Amino acid sequence: MFGPKSHLTSRNNHLFMEDVDCFLLARQLGTPLYVTSEKRLRQNIRAYHQAFPKADKYFAVKANGNLTILRIAAQEGMGADVFSAGELSIARNVGIPQDMILYNGNSKSEKDHEMALQAGVRMSVDSREELEHLAGTVQRLDQDHEAEILFRVNPDVSPKTHPKIATGLRSSKFGIPAEQVAETYKRAMDLPGILPVGLHCHIGSQILDTAPFAEAAGKMMDIAAAVVGAGGEIKRIDLGGGLGIQYHPDTPAPSPADLAKAVLPIFGDRCRDLGISPKLILEPGRSIVADTTIMLSGVNVVKRAHVNFVAEDAGFNVLARPMLYDSYHHIIVANKSDEPAAEPYTVVGPICETGDILAKDRQLPKLERGDVLAFLDAGGYGFSMASQYNGQPRPAEILVSGDKADVTRRAEDASALLAGQKIPERLYWQIE
Ligand code: LLP
């Protein structure tokens, strides 16, 4: 049932993460709760280093912005892909060196450019238009070093994933059309204070087949050839993230080693042909962090109605993926982890919307109030997409290491819902 997820085991009918009893942890700290295995996180990062020993790996901060998780990623030698000024400050806060940060984004303001320039991080420029905007800010700031940039390319590759997370299609909002790249690169070479150093793409997320990555690598090398032909120098090629993970027991995912087998020969051969030796960069998010983390929720009501509804305390406010992308998250009952499935349940949260369904017709052991459900693979785009909708404070995050469990982010309380709000004084009159 747990497959290769060695950090999760079943002991005497209870789910354990490393040596921590998840049911007791939920009892102690309350639910909902995000719980991460340090061991698994380090294993996942090391698997990337092993598969791509020469590449730089930038963790996609959007997948998980927990400072402790990022600190471990930094200790393990990862840089950061950031997509906003907020993500940049998170990455800087955990000590990721500026040389290992790429500031991405398709809609950067002047202030965003300024912040990235002042932080001295590289930027990925998404359009010809953005290049001109950036050039203006560079002139104004008049720094004593050049601003290094990559160009985000639209490689027009179909990644065979959920349409909402396919990012490299011709019709997608990201990147510069392939045929405009060489000319845009040349323009950047002529602009004072700007140094174009490479190309960047990202074709989508949760991709379960390595063929689209190979196709994208080939197209990126075609574009690199055009840039070199136009007199440009390519020092970095960033192939983005996107490697999928095994959410469903029957849907295996390729490993970083499989990804390496698909793209490294293309990258290596084509670089040799062109006589260039750029640094390869990858930006994995989900495949680093998703399976490190479970989300624990507590069962409030088991209702026998049209179907068997299990109402628990985490809805799409805590884990948005099922609602947004019809995603599957495997469920283990943390206090019945050895019990066989008894009947189908539709697992719903506490949010006042019919679509607040985390799992449909799921075969689970017989459930009752007080049980604790563990949603697996919740570490990528889990907490980072959580909201306070319906007056729900966001949950705590825990890091497990051996038999230790540390709170890395305390749960919000109701005061978080009031924070920052101010009623204008003119409305202070007494309500009868
Ligand atoms: N680099 C760039 C430029 C990206 O846009 C993304 C993800 C990544 C790297 C990391 O991709 P990963 O390795 O995690 O697949 N919320 C969605 C996923 C959105 C992904 C957006 N971009 C979900 O929950 O499935």
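Q: In this predicted model, how far is a nitrogen atom of the ligand from an N or O atom in the side chain of Glu283?
A: The model is predicted. Look at the side chain of Glu283 and the ligand nitrogen. A polar contact needs N or O atoms within 3.5 Å. This pair qualifies, with a distance of 2.6 Å.

Q: Which residue places a polar side-chain atom 2.6 Å from an oxygen atom of the ligand?
A: Here the ligand atom is an oxygen. Its partner belongs to a side chain, and the distance is 2.6 Å. The residue is Arg321.

Q: How far is an oxygen atom of the ligand from a polar backbone atom of Gly285?
A: Gly285 takes part through its backbone. The ligand supplies an oxygen atom. The distance is 2.9 Å.

Q: What share of the ligand's area does the protein bury?
A: Start with the ligand taken alone, which exposes 590 Å². Then add the protein as cover. The buried share is 93%.

Q: How many residues are around the ligand?
A: A residue counts if one of its heavy atoms lies within 4 Å of the ligand. Ser205, Glu283, Arg321, Tyr325 and Tyr381 come nearest. The full number around the ligand is 17.

Q: How many aromatic pairs does a search of the whole structure find?
A: Ring centres must lie within 6.5 Å to count as a pair. The search covers the whole structure. The number found is five.

Q: How many residues apart are Phe151 and Tyr185?
A: These two form a tilted aromatic pair, 5.7 Å centre to centre, with 55 degrees between the planes. Phe151 sits in strand 9 and Tyr185 in helix 7, so the pair links distant parts of the chain. Both residues are buried. In sequence they are 34 residues apart.

Q: Is Tyr389, the partner of Phe316, buried or partly exposed?
A: Phe316 and Tyr389 form a tilted pair, 5.7 Å centre to centre, with 40 degrees between the planes. They lie in two loops, so the pair ties together parts that are 73 residues apart in sequence. Phe316 is buried because its relative accessible area is 15%, under the 20% cut-off. Tyr389 has 35% relative accessibility, so this residue counts as partly exposed.

Q: How far apart in space are Asn390 and Ile351, C-alpha to C-alpha?
A: Asn390 is found in the loop between strand 19 and strand 20. At 36% relative accessibility, Asn390 counts as partly exposed. Asn390 and Ile351 are 39 residues apart in sequence. In space, their C-alpha distance is 6.4 Å.

Note on methods. Residues numbered from 1 in each chain as written. Predicted model: local features only at pLDDT ≥ 70, side-chain atom pairs only at ≥ 80, totals over all residues. Heavy atoms only, no water. Phe/Tyr/Trp six-rings, centres within 6.5 Å; stacked < 30°, edge-to-face > 60°. Helix = DSSP H or I, 4+ residues; strand = E, 2+ residues; numbered from the N terminus. Buried < 20%, exposed > 50% of the residue type's maximum accessible area, 1.4 Å probe, protein only. Polar contact = N/O pair within 3.5 Å; in protein donor to acceptor, adjacent residues only side chain to side chain. Areas by Shrake-Rupley, 256 points an atom, 1.4 Å probe, with all protein chains shown as cover.
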